[in-house]
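Open the model in your viewer and set the display to cartoon, with side chains available on request. The tour goes from one residue outward to the chains and their contact.

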Amino acid sequence: MRGSTHAFATSEGRHTMSVTNTEPIPSLARRELSPLPAQPSATVRLLRQVLRTRVTVIGLAIVVFLVILAIIVDFLPLDDPNVMDSSVLRAPPGTPGHLLGTDAFGRDVLSRVLYGSRVSLVISFAVVGSASVIGSLLGLLAGYLGGAFDSIISRIWDVIFSFPGILFLLVIMSTLGAGVEMAIVALTISSIPIFGRLMRERVMAQRSRQYVEAARCLGASPWYIMTRHVLPNSLTSVLVEAALAIPGVILAEAALSYLGLGVPPPTPSWGKMISEGQDILEVAPWLSIVPGFFILLTTLGFNLVGDGLRDFFDPTQLK
Amino acid sequence: MNQYILRRLLQMIPTVLLSTLFVFLMVNMVRGSAIDIYFGTSASRSPEAEAALAARLGIDKPLPVQYLTWLGKIMTGDFGESWRYNKPVLALIFERLSLSFELAIVASLISIFFSTLLGTYLALHQNSVADQVIRFISLIFISAPLYWVALGLIAFLSKAFRWIPPIQYVPITRDFWTHLQIIAIPSTLWGILSVPIFSRYVRNSVLDILSEDYVRTARAKGLSGRRVLFVHVLKNAAGPLITVVGLSLAGAAGGTLLMEVVFTLPGMGRLWLTSIYQRDLPMIMGISVFISLVFVVANFLVDLCYAWLDPRIRYQ
């Protein structure tokens with residue numbers, strides 16, 4: 001059975017390849033039609049492929065670097081992120097002993113930013129991890145059971161999607177109250193439908209595939225087919241979606257903390273640091289600039305990795 | 001079309017019911033302490049006052065009864081009364097609504113206009129330098145916290161031009177020009193910041209249509225590139241463009257909230273945040289339900305536009 005799924009996957013891969021190879025005919029036709037677009041030449045395509053992988057490698061390097069930093073931050077020669085030193089209030093970056101300066105309470109910004117990265121990464125991994133598992137299972141069940149269960153679940157997802165972005169988080173946070181655990185719960189609930197819909201779609205698409213029919217002919221139970229065939233075949237999509245969901249969760253958590261609804265002080269958190277620096281933006285701009293830059297770097301890294309993964313696993317999306 | 005509108009209206013009912021139920025249940029998970037939240041550390045707390053409050057809020061009744069009573073009141077436009085302002089919730093919402101709407105709509109108009117323009121240009125110049133640059137910028141903008149970018153802009157404006165956001169908010173009815181000054185920067189900023197992201201959508205949907213057979217036919221008939229673009233391509237790209245409108249409105253709603261905080265504007269987002277900080281339960285419930293209603297209606301309108309542009313959708 002496993003062999004048959006593999007054969008199917010490769011034949012599908014070859015199919016997409018052949019589509020790209022037969023491109024010259026439409027592209028020739030289109031070139032006549034300037035100003036309508038021309039297909040890139042082979043050199044440009046090759047160059048882009050190399051650049052794309054290189055960009056993915058850069059993203060991966062950023063992510064690995066930040067993760068390692070977040071793990072070993074305890075062993076780095078840094079000040080305690082919560083110790084206030086009244087002799088160096090708002091020291092600018094480059095002050096000896098305080099590479100990125102200090103905040104309004106004399107706390108070391110570099111130390112706070114690095115500890116903040118740990119908070120941010122732990123929250124986003126926890127959220128994406130639990131949301132992808134719960135969402136995939138619900139999606140699998142919805143696609144597999146269909147009927148009333150499917151329509152109820154779909155309605156619930158509609159409700160979650162009817163509040164755009166951060167507004168849904170606010171609805172949950174406003175009732176649960178601020179805090180790290182609450183933020184994780186809220187972010188997880190809002191991320192579940194992303195994975196649920198994806199998985200349901202995958203189940204629907206694969207139900208009528210030949211290898212599923214073959215398995216059914218051999219007498220496999222629907223549940224066996226779902227867990228042994230459809231689920232493994234959908235894992236790469238879930239993985240790609242998870243990689244792409246992480247930056248969104250990091251940004252959402254930062255926004256919640258920025259609004260004072262996420263990580264409570266004095267725990268260092270990027271969003272909170274931006275809002276703390278906001279009041280003295282003119283005097284000490286680095287207090288807001290530094291944590292924001294770290295958010296940008298982290299989410300950029302994850303976005304690059306996610307894009308790379310998607311291109312690798314699903315070349316049909318290439319444009 | 002009428003039949004489609006009716007069907008779509010009927011579909012809205014379960015969504016609205018579910019979202020009200022959701023808000024109600026979420027609030028009631030913490031409702032056990034509603035009396036504590038109401039009184040806080042106030043000295044007026046006494047067993048009699050507690051009983052009176054419980055009776056007034058109706059929390060002495062079973063949950064389903066409470067939900068239906070509350071739902072019935074909302075249907076008649078009674079969103080309850082704020083605990084902190086002692087005014088009807090709906091009146092407070094309407095006081096703040098116009099500013100948020102104004103910000104969101106100006107921001108979306110700006111982003112829709114420029115992303116359509118830029119997206120079409122990029123589709124016609126696929127894989128050009130501009131295409132790559134915009135791709136890179138949109139990646140940065142997706143990755144950056146946009147309130148942070150806004151703060152950076154304020155810092156820059158105050159350093160370079162000695163301009164700081166006006167401290168006092170002025171409504172449009174009192175002084176149009178001062179009001180415009182206050183609105184212009186946050187809404188333009190939010191609109192422009194979303195252009196690189198949305199222009200990618202426009203680019204991809206225009207590209208899809210450029211590769212359609214009828215475009216080639218139109219070219220083969222000898223029509224000029226411009227005529228093909230405006231008559232055949234853009235008209236058929238209008239459907240996907242509606243998606244961009246929906247997305248940018250949704251984005252503007254979240255963005256407006258953050259812009260209100262960054263620029264300290266008294267919009268609905270700030271009202272919501274304050275009521276969260278103050279644990280003003282009727283206000284929280286009212287605003288949550290109100291916002292979900294707004295978005296259910298907005299989605300409905302977007303779907304109607306789709307159906308109007310593409311008759312196939314009406315008969316699905």
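Select Leu169(A) to begin. Leaving aside residues up to four places away in sequence, Leu169(A) touches Ala186(A), Leu187(A), Ser190(A), Ala252(A) and Leu256(A). Show these five neighbours as sticks. Keep in mind that this is a predicted model.

Now add Ala255(A) to the selection. Leu169(A) and Ala255(A) touch the most other members of the largest nonpolar core, which has 128 residues. Which helix gives the most to this core? Select H9(A): with 17 residues, H9(A) is the top contributor. In soluble globular proteins, nonpolar side chains tend to be buried together.

Next, go to chain B and pick Ile112(B), Leu122(B), Val206(B) and Leu210(B). These are among the 19 residues of a second core, separate from the largest one.

Hide the side chains and color chain A by secondary structure. There are eleven helices and zero strands in chain A, so every element met from the N terminus on is α. Of the 319 residues in chain A, 43% are buried. Among contacts in chain A with a separation of 6 or more, 68% join residues 24 or more positions apart.

Do the same for chain B. Here the view shows 13 helices and zero strands. Buried residues are 35% of the 316 in chain B. Contacts between residues 24 or more positions apart make up 74% of those in chain B with a separation of 6 or more. Turn chain B along its principal axes: the C-alpha trace spans about 85 × 60 × 35 Å.

Stay in chain B and select residues 63-75, which form helix H4. This helix has 13 residues and reaches 18 Å from its first C-alpha to its last, close to the 18 Å expected at 1.5 Å a residue. Then step to Gly77(B), which follows H4(B) and has a positive phi, near 85°.

Last, show both chains together and select the contact between them. How many residues does each chain give? Chain A supplies 44 residues and chain B supplies 49 residues. On the side of chain A that touches chain B, the elements giving two or more residues are helices H5 (147-162), H6 (166-176), H9 (222-258), H10 (270-278) and H11 (286-313) of chain A. Color that side of chain A by residue class: 31 residues are nonpolar, nine are polar and four are charged.

Notes. Residues are numbered from 1 along each chain as its sequence is written. Chains are lettered from A and ligands numbered from 1 in the order in which they are written. This is a predicted model: local features need pLDDT of at least 70, side-chain atom pairs count only at pLDDT 80 or more; totals for chains, interfaces and linings use all residues. Helices (H or I, at least four residues) and strands (E, at least two) are DSSP runs, numbered from the N terminus. A residue is buried if 20 or more other C-beta atoms lie within 10 Å of its own, exposed if 12 or fewer, and partly exposed in between; C-beta atoms are placed from the backbone. Two residues are in contact if their C-beta atoms, placed from the backbone, lie within 7 Å. Ala, Val, Leu, Ile, Met, Phe, Trp, Tyr, Cys and Pro count as nonpolar, Asp, Glu, Lys and Arg as charged, and the others, Gly among them, as polar. The expected span of a helix is 1.5 Å times one less than its number of residues. A nonpolar core is a set of buried Ala, Val, Leu, Ile, Met, Phe, Trp, Tyr and Cys residues joined through C-beta atoms within 7 Å.
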